[in-house]
Amino acid sequence: MESYKVVEHSYDAVVVGAGGAGLRATLGMTMAGLKTACVTKVFPTRSHTVAAQGGIGAALDNMGEDDNWKYHMYDTVKGADWLGDQDAIEYMCRNAIPAVIELEHYGVPFSRTEEGRIYQRPFGGHMLNFGEAPAKRACAAADRTGHAILHTLYQQSLRGGAEFFIEYFGIDLIMDEEGACRGVMAIDLEDGVIHKFRAHTVVLATGGYGRAYFSCTSAHTCTGDGNAMALRAGLPLQDMEFVQFHPTGVYGAGCLITEGARGEGGYVTNSEGERFMERYAPTAKDLASRDVVSRAMTIEINEGRGVGPDADHIFLHLEHLDPAVLHQRLPGISETAKVFAGVDVTKQPIPILPTVHYNMGGIPTNYHAEVLAPTADDPDRVCPGLMAIGEAACVSVHGANRLGTNSLLDIVVFGRAAALRAAETITPGAPHQPLPKDAGENSIARLDAMRHAKGSLKVADVRDRLQRGMQKHAAVFRDEEILSEGVKVMAEIAESMSDIGINDRSLIWNTDLVEGMELENLVGQAMVTINSAHLRQESRGAHAREDFTERDDEKWMKHSCMWLDENYQNRVQYRDVQMNTLTDEVESFPPKARVY
């Protein structure tokens, strides 16, 4: 251990991750007078929020439809297939309106209506008057909404004086004997120096783990590092069986075509030229919820109505739209289709296929963003000193399936909530309690073991097996046979991690080492996902089982919490879904059939 240089820091708050959630928390904590550090694996404006296209949901009612936050709340509960916690969903949908106006005041360049208001477009699953007709609720900056929000939040954070540690890879949380989080260990990728950050609160805002799959819309950086850090700290992950497939990924490339394309009037067809969504969702049609459209597309392909030489994909049509509208509202999509599919959207349809897009599961939290460490006696017990926000967290506002635009909303609302909670609970500059004597040693030992790994397997080969295995065994449709086989396949891959070899032993920009540690993170999350999916014997939202085709509220209206030990052995416990609302201003929405 002597060969590693360790630099120590003390902050009131340390945020890990600089996507929209991390930056909103960083900005809010800095503005509250807390000494705040933001530790990020990539340059902030390269965080994956930059790829969010379609919009951020809020019932501003700028399009004169008499929209309100209660309709948004109902749509979110229904979209979640009643697995979302209704107190947290009320919190998010009510706070959506001030949160978006706040973003506009920070300088987010939203598209505008002719009256100068924020432009809002329709989006899948968002309806008026409790499901009657599609609502225009997605506040959009053309089709680069996440890009606009991310840049604005980074600029405001710099203006507020936040301290950034850029291109630092988070290794592990520092936990004390009582199970409280006291800080985080990270390595500076530029020079290999280890940094020990002490903090009164650590906020995990590390995004999703889409790269556990072969075809996904996620950047290569989306390896769920915070989720894995929580697992290693003895905390569970919640609802990991729910993985969203976005219906419109570019065929062959997986790149995202925003749902905003259908919001602007695009539609999907099969090989017979039929607009088949009218059969599956007679009211919402092409603007049904993502899991509904993905399953409909998969059924069309499986029944022989796919397009192309191999009848293995579907067409998305935009060529009937005015080229001026495409240029103004969907410029990025037009470019993506040209680059990745060789298609001119003004003349030809885009070949599409469902592809992994979002992880509903993650680190369990309450609506204050505080991480939960549930026990049998206290399922809502809080882990002191630790928060999680954004795609890394499971609040749970998305339940079994997230509605489009609610991810940008989630990061902003709960990034803000984390900052408000930190301001309430932390005294700026308060002294830190002494750390455990061996604080961080396990992290350095784990890093050292990976750096000097001499096995026969390449990281890229094991990662490829993992991604293809997850794509095959935890896909749009699942059953007992494919899931139980998947459990075995993932266990074999986890076992093979002991035979990994790293060629680069240096400490300066060692991407081989970082990818090895990212793979270790992905394996743990894949294990939790496949095992949680195998145990849930029902169909709900994104989790569709062909051997248990119905939603079973009597047995399965509950969150799965799964722990994983260092030998990849799991332990599961279940938590009740919170059906009570936050205030008396809205009544709880009882479960009913989910149709669009």
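In which sense, left-handed or right-handed, does helix 1 pass helix 11? The crossing is right-handed. The model in which this is seen is a predicted one, and helix 1 is a convenient place to start reading it.

Helix 11 covers residues 406-425. Its axis and that of helix 1 come within 8 Å and cross at roughly 30°. On the side of helix 1, the residues that meet helix 11 are G20, A21, R24, A25, G28 and M29. Their counterparts in helix 11 are I411, V412, G415, R416, A418, A419 and A422. Sorted by class, this contact has eight nonpolar, three polar and two charged residues.

Helix 1, which spans residues 20-31, also packs with helix 4, residues 145-160. Here the axes are 9 Å apart and the angle is about 25°. An angle under 35 degrees counts as roughly parallel, and therefore helix 1 is roughly parallel to helix 4. The crossing of helix 1 and helix 4 is left-handed, whereas that of helix 1 and helix 11 is right-handed. From helix 1, G20, L23, R24, L27 and T30 take part in the contact with helix 4. They meet L150, L153, Y154, Q156, S157 and G160. By class, five residues of this contact are nonpolar, five are polar and one is charged. G20 and R24 appear in the contact with helix 4 and also in the contact with helix 11.

The sheets come next. Strands of a sheet pair through backbone hydrogen bonds, either parallel or antiparallel. One open sheet has four strands in the order 11-14-13-12, with antiparallel pairing. Its edges are strand 11 (243-250) and strand 12 (267-269), each of which pairs on one side only. From one strand to the next, the twist averages 45°. Inside the sheet, strand 13 (residues 314-317) and strand 14 (residues 350-359) run antiparallel and are joined by three bridges. In this pairing, L316 stands opposite I350 of strand 14. Helix 8, residues 290-302, packs on this sheet and touches strand 11, strand 13 and strand 14. The direction of helix 8 makes about 60° with that of strand 11.

A second open sheet has three strands, ordered 10-21-22 and paired in the antiparallel sense. Strand 10 (237-238) and strand 22 (570-576) are the edge strands. Strand 10 pairs with strand 21 (residues 558-564) over two bridges, and L237 stands opposite M562 in strand 21. Helix 15 (residues 511-535) packs on this sheet, in contact with strand 10, strand 21 and strand 22. Between the directions of helix 15 and strand 21 the angle is about 140°.

How many bridges join strand 21 to strand 22? There are seven, and the two strands run antiparallel. K558 has D576 in strand 22 as its bridge partner. Strand 21 and strand 22 form a hairpin with five residues between the strands, and in this hairpin Y568 takes a positive phi near 65°.

Aromatic rings give a last view. A search of the whole structure finds 15 aromatic pairs, one of them formed by Y11 and F165. The centres of these two rings are 6.1 Å apart and their planes stand at 85°, so the pair is edge-to-face. Y11 belongs to strand 1 (residues 6-16) and F165 to strand 6 (residues 163-166), so the pair ties together parts that are 154 residues apart in sequence.

How values were computed. Residues numbered from 1 in each chain as written. Predicted model: local features only at pLDDT ≥ 70, side-chain atom pairs only at ≥ 80, totals over all residues. Heavy atoms only, no water. Pairing = 2+ DSSP bridges. Contact = heavy atoms within 4.5 Å. Axes fitted to C-alpha atoms, helices over the stretch in contact; angles between N-to-C directions. Parallel < 35°, antiparallel > 145°, perpendicular 65-115°, else oblique. Left-handed = near helix turned anticlockwise from the far one by under 90°. Nonpolar A, V, L, I, M, F, W, Y, C, P; charged D, E, K, R; others polar. Phe/Tyr/Trp six-rings, centres within 6.5 Å; stacked < 30°, edge-to-face > 60°.
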